[in-house]
Amino acid sequence: MKSFAITVLLLLSTGAIAQNNPETTFRQPYPLGEKLSSNPNFTGEAWLAPLSEQKELNVPMSNVTFEPGCRNSWHSHKAGQILIATAGIGYYQEKGQPARRLFPGDIVEIAPDVVHWHGAAPDSWFAHIAITTNPKVNVAVWLDPVSDSQYQEATAEAENRYTEANSILTAREQAIVAVASYTGKGDLEHLKPALAGALEAGMTINEINEVLIHAYAYCGFPRSLRAIQTFMQVVDERKANGINDVVGREVTEINDNRTRYERGRDILAEISGTSVDAPKAGYAIFAPAIERFLKEHLFADLFERDLLTYRERELATVSILAGVGGVEPMFRSHAAICLHLGITAEQLSTLLNIVEMNLGTSYSEPLRNILEQIVKQK
Ligand code: MN
């Protein structure tokens, strides 16, 4: 058992091995297929899996998987092409146009003879389905490779977005947003570098753990525990590379005579600016136990832990909710709490920019609409 653990650690500490095995590290809905070995039309490693078999249907489709940084050369299709992004984060660029960042579900329609390239983001695996349109008359025309500088310029958008955010959220706040949103989504591949980023931003191990512990109340123990396991890997790998991250102080002990319910009730009143006697929400009357758990577990047990401020907990909360998706009413309440705690609408908007860059517009847009509504009502 011990030697197995050591082998796993060794494999993990040499990132290259883990990265070159997309079969186990990259989750996607369609098969990986065969590696395109030494294909002159690709920079980096790519895999191809034909998805449709019946030729008489006339819709050839393949799943193409790109390792981080991999892209195909500039090319065009005589009779067009359709791409459907299926996993990871990628890019599509037409000659002379800004590149488009792609997330699962995005569709790219490429007109005949338009010169373009497609591939992965620099720091993410990517897969798309490529559909050959008008297959009887279609042929690809391959041109020059996309040079490193062309690729860098096209994909610098994410980096620039963080630079933009620097004047509005601190590095620590941005790190909390990235870690929390990936934790909520359960995207462990991208959570890993975000956790390393949080350490680089000066957060202690205990503070980052606190974000992941806080997450359990919003996305459940399984997501929270997977995130903590991922964080253990990150810390171990950094230790193996000679980086000793600061553990930091522990939580201050609580001495309070009130019941946990009363403490939670009072903290909620404080952060939301509502009265402790405010009428109970519908769910609290319909299912009283959940209301007690919210007050005792969440607003007392978690919020009383002083490794994060209330502001930081609320920034983490809206980010986790963004990653979970489909919980707009909870986002609405917590965005309002954020504003009450002095987090500005501009800061929340910047938070959503980070969510958009990391998870895509399908995660950010519904929340942007809610934020606009709240701000209008003020
Ligand atoms: Mn193409």
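This is a short tour of the structure above, stop by stop.

You are looking at a predicted model, in which local features need pLDDT of at least 70 and side-chain atom pairs count only at pLDDT 80 or more, while totals for chains, interfaces and linings use all residues. Numbering starts from 1 along each chain as its sequence is written, and side-chain values use heavy atoms, with hydrogens and water left out.

**The manganese ion.** Select the manganese ion and show its protein donors: H75 (NE2), H77 (NE2), Q81 (OE1), H116 (NE2) and H118 (NE2), which lie 2.1 to 2.2 Å from the metal. Donors here are N, O and S atoms within 2.8 Å of the metal (3.2 Å for Na, K and Ca); water is not among the atoms, so sites may look incomplete. Along the chain, the donors follow the spacing H-x1-H-x3-Q-x34-H-x1-H. H77 and Q81 are both buried (under 20% relative accessible area; exposed is over 50% and partly exposed in between, with a 1.4 Å probe and protein chains only).

**The sheet.** Next, colour the strands β1-β3-β4-β12-β7-β10: in that order, these 6 strands form an open antiparallel sheet. Its edge strands are β1 (34–35) and β10 (107–110), each pairing on one side only. Strands (E, at least two residues) and helices (H or I, at least four) are DSSP runs numbered from the N terminus, and two strands pair if DSSP finds at least two bridges between them. Zoom in on β7 (residues 81–88) and β12 (residues 126–132), joined by 7 bridges. There, I84 stands opposite I129 in β12.

**Aromatic rings.** Now pick F42 and F66, a tilted aromatic pair with 6.0 Å between centres and 35 degrees between planes. Rings of Phe, Tyr and Trp (its six-membered ring) pair if their centres lie within 6.5 Å; planes under 30 degrees apart are stacked, over 60 edge-to-face and the rest tilted. F42 lies in β2 (residues 42–43) and F66 in β4 (residues 61–66), so the pair ties together parts 24 residues apart in sequence. Add F126 and W142 to see the one aromatic cluster that these four residues form.

**Helix α13.** Finish at residues 310–324, helix α13, whose end C-alpha atoms are 21 Å apart, in agreement with the 21 Å expected for 15 residues (1.5 Å times one less than the number of residues). Of these 15 residues 12 are buried, so the helix is largely enclosed by the rest of the structure. Just after α13 comes G325, with a positive phi near 75 degrees.
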